[in-house]
Amino acid sequence: MYSKWMGQCEACGEWNTLEEIVVEPLAASSPRASSKGRRVKLEGLEGMAAPPPRIRTGIEELDRVLGGGLVPASVVLVGGDPGIGKSTLLLQAACKLAAKSERVLYISGEEAVDQIRLRALRLGVGQATLDLAASINVADIVATLEAEPDVRVVVIDSIQTMWLETVESAPGSVSQVRACAFELIRLAKRKGFSLILVGHVTKEGALAGPRVLEHMVDAVMYFEGDRGHQFRILRAAKNRFGATDEIGVFAMTDRGLEEVSNPSALFLAERRGNIAGSAVFAGLEGTRPVLLEVQALLAPKSGENAPRRAVVGWDSSRLSMLLAVLETRCGVKLSGMDVYLNVAGGLKVAEPAADLAVAAALISAATGMPTSSGEVYFGEVGLSGEVRQVSQADARLKEAAKLGFDKAVLPRRIARGSARSKPPEGLTLREIGHLSDLVTADMEAE
């Protein structure tokens with residue numbers, strides 16, 4: 001090590017062979033310490049960069065949400081309720097990666113090594129060549145990762161249990177989480193391995209710890225689900241290397257999490273036809289069309305209290321708006337009724353395209369007339385009652401035809417180009433422009 005430029009190397013005697021290496025300062029150094037800044041290199045916007053290489057995990061639903069797989073030197077934060085299956089999913093992914101001769105380290109701050117081994121045996125992946133460790137000391141973890149060669153993926157379960165001795169607070173505090181994440185992320189960027197952090201969530205469902213943690217990582221994913229259902233949804237909230245609206249669907253079994261390649265068939269598996277208050281919604285989650293059952297139940301208001309509005313899986317304020325449109329624009333009297341709305345299967349629907357399916361379920365419940373068992377609905381409803389177009393109508397129709405539906409109720413399509421696209425074979429379309437058209441058709445059927 002030399003403090004200034006040297007023309008000749010004292011070790012080998014060669015000339016002009018010394019290179020300058022900038023050593024990054026430690027994060028725990030004194031805040032008063034300062035050094036003269038170095039000018040950074042500026043580059044133009046032109047030019048094409050090659051897409052980043054991907055490490056396929058072997059779990060297609062996980063790779064879909066990641067955007068095609070893990071990117072080297074990237075950091076992924078996975079959050080979810082306790083017991084939802086975060087550790088199970090990541091242990092399965094780590095074992096599949098290890099089975100492909102990838103060097104994977106699974107470091108747990110919540111469980112002992114023997115506990116992880118027992119879970120791996122239950123999942124049927126106990127023979128994988130996976131490296132395990134149980135530690136909460138970040139300094140020890142960093143020293144271990146520095147010494148281990150050819151590490152491709154590191155899983156930290158969880159970041160809230162990590163502890164840095166230079167920070168004077170307990171594990172899980174804002175300062176500890178921020179400092180520990182910074183040290184691990186900086187190491188991952190420098191060494192080039194993919195880092196997966198498991199994060200706890202608050203009772204409101206947000207990731208616990210400092211908000212800056214979500215800004216520091218490259219991808220944020222939420223593992224959602226209802227313990228009363230076997231379905232689990234992996235959803236990306238942030239992804240620097242892929243889309244943020246993709247979902248992965250899993251089913252929790254006694255052998256761990258199993259991928260669901262056709263979620264529409266799974267969500268509609270227990271649907272019973274010829275029941276008033278039910279309608280099938282042709283939704284879209286990212287690039288994946290998903291068919292769901294929307295259920296509505298109307299009951300007479302009890303007592304002098306205001307009518308009750310109970311919603312599961314949809315926006316309650318949007319339900320209130322739709323009820324007002326039905327009563328004001330279409331003459332359907334619902335003000336004196338308790339309204340219960342449920343999206344079957346435990347999936348949460350956020351897109352406005354579900355308006356028409358919810359309206360169909362409400363009208364069916366109000367009239368007592370079941371919707372057709374082979375009919376799907378999608379379309380956005382405005383305050384004046386007009387039915388507006390939604391994106392990816394063709395993908396929704398193809399999914400409906402693939403599952404055997406023969407009718408679709410949708411907004412009036414506007415031709416783009418020379419002509420409109422033809423519907424899938426065997427599927428009849430009923431295009432409506434106003435919500436009153438749906439009410440009138442149901443009244444005539446009655």
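**Two open sheets and selected buried residues in a predicted model**

Asparagine 239 is buried in this model, its relative accessible area being 10%. The model is predicted. This residue belongs to strand S7, which spans residues 231-239. A polar atom of the asparagine 239 side chain lies 3.1 Å from the backbone oxygen of leucine 66. The side chain of asparagine 239 also reaches the backbone nitrogen of glycine 242, at 3.4 Å. With neighbours within four places in sequence left aside, the contacts of asparagine 239 are Val65, Leu66, Gly67, Asp218, Ala219 and Thr244.

Strand S7 is part of an open sheet of 9 strands with mixed pairing, in the order S3-S2-S4-S5-S1-S6-S7-S8-S9. The edges are formed by S3 and strand S9 (256-259); each has a single partner strand, so one side of each lacks a neighbour in the sheet. On average, neighbouring strands of this sheet are turned by 25° against each other, direction ignored. S7 pairs with strand S8 (residues 247-253) in the antiparallel sense, over 5 bridges. In this pair, arginine 232 stands opposite phenylalanine 250 in S8. Helix H2 packs on the sheet and touches S1, S2, strand S4 (153-157), strand S5 (194-199), strand S6 (219-225), S7, S8 and S9. The direction of H2 makes about 155° with that of S2.

Strand S2 (residues 104-108) runs parallel to strand S3 (residues 131-134), and 4 bridges join the two. Leucine 105 stands opposite aspartate 131 in S3. Between S2 and S3 the chain passes through helix H3 (residues 113-123), giving a right-handed β-α-β crossover.

Two annotations come from an unreviewed UniProt entry. Residues 51-201 are listed there as "domain: RecA family profile". In the model this span is 40% helix and 17% strand, and its end C-alpha atoms lie 32 Å apart. The "binding site" annotation in UniProt covers Gly80, Asp81, Pro82, Gly83, Ile84, Gly85, Lys86 and Ser87.

Among the residues of this annotation, isoleucine 84 lies in the loop between strand S1 (75-80) and helix H2 (86-99). Isoleucine 84 is buried, with a relative accessible area of 2%. Residues up to four places away in sequence not counted, isoleucine 84 touches Phe223, Glu224, Gly225, Arg232 and Met252. Lysine 86 is located in helix H2 and counts as buried at 9% relative accessibility. On the same basis of excluding residues up to four places away in sequence, lysine 86 touches Val78, Gly79, Gly80, Asp81, Val198, Gly199 and Phe223. Phe223 is thus named among the contacts of isoleucine 84 and among those of lysine 86.

Another open sheet has 7 strands in the order S12-S13-S11-S10-S14-S17-S18, again with mixed pairing. Strand S12 (309-312) and strand S18 (428-432) stand at its edges; each has a single partner strand, so one side of each is left without a neighbour in the sheet. Neighbouring strands here are turned by 25° against each other on average, direction ignored. S12 pairs with strand S13 (residues 337-343) in the parallel sense over 4 bridges, and valine 312 stands opposite asparagine 342 in S13. Helix H9 (residues 355-367) packs on this sheet, in contact with strand S10 (278-285), strand S11 (288-300), S13, strand S14 (375-377), strand S17 (407-411) and S18. The direction of H9 makes about 30° with that of S11.

Conventions. Residues numbered from 1 in each chain as written. Predicted model: local features only at pLDDT ≥ 70, side-chain atom pairs only at ≥ 80, totals over all residues. Heavy atoms only, no water. Buried < 20%, exposed > 50% of the residue type's maximum accessible area, 1.4 Å probe, protein only. Polar contact = N/O pair within 3.5 Å; in protein donor to acceptor, adjacent residues only side chain to side chain. Contact = heavy atoms within 4.5 Å. UniProt positions renumbered as here; feature names shortened; annotations may be inferred. Pairing = 2+ DSSP bridges. Axes fitted to C-alpha atoms, helices over the stretch in contact; angles between N-to-C directions. Right-handed = clockwise from strand over helix to strand, strands pointing away.
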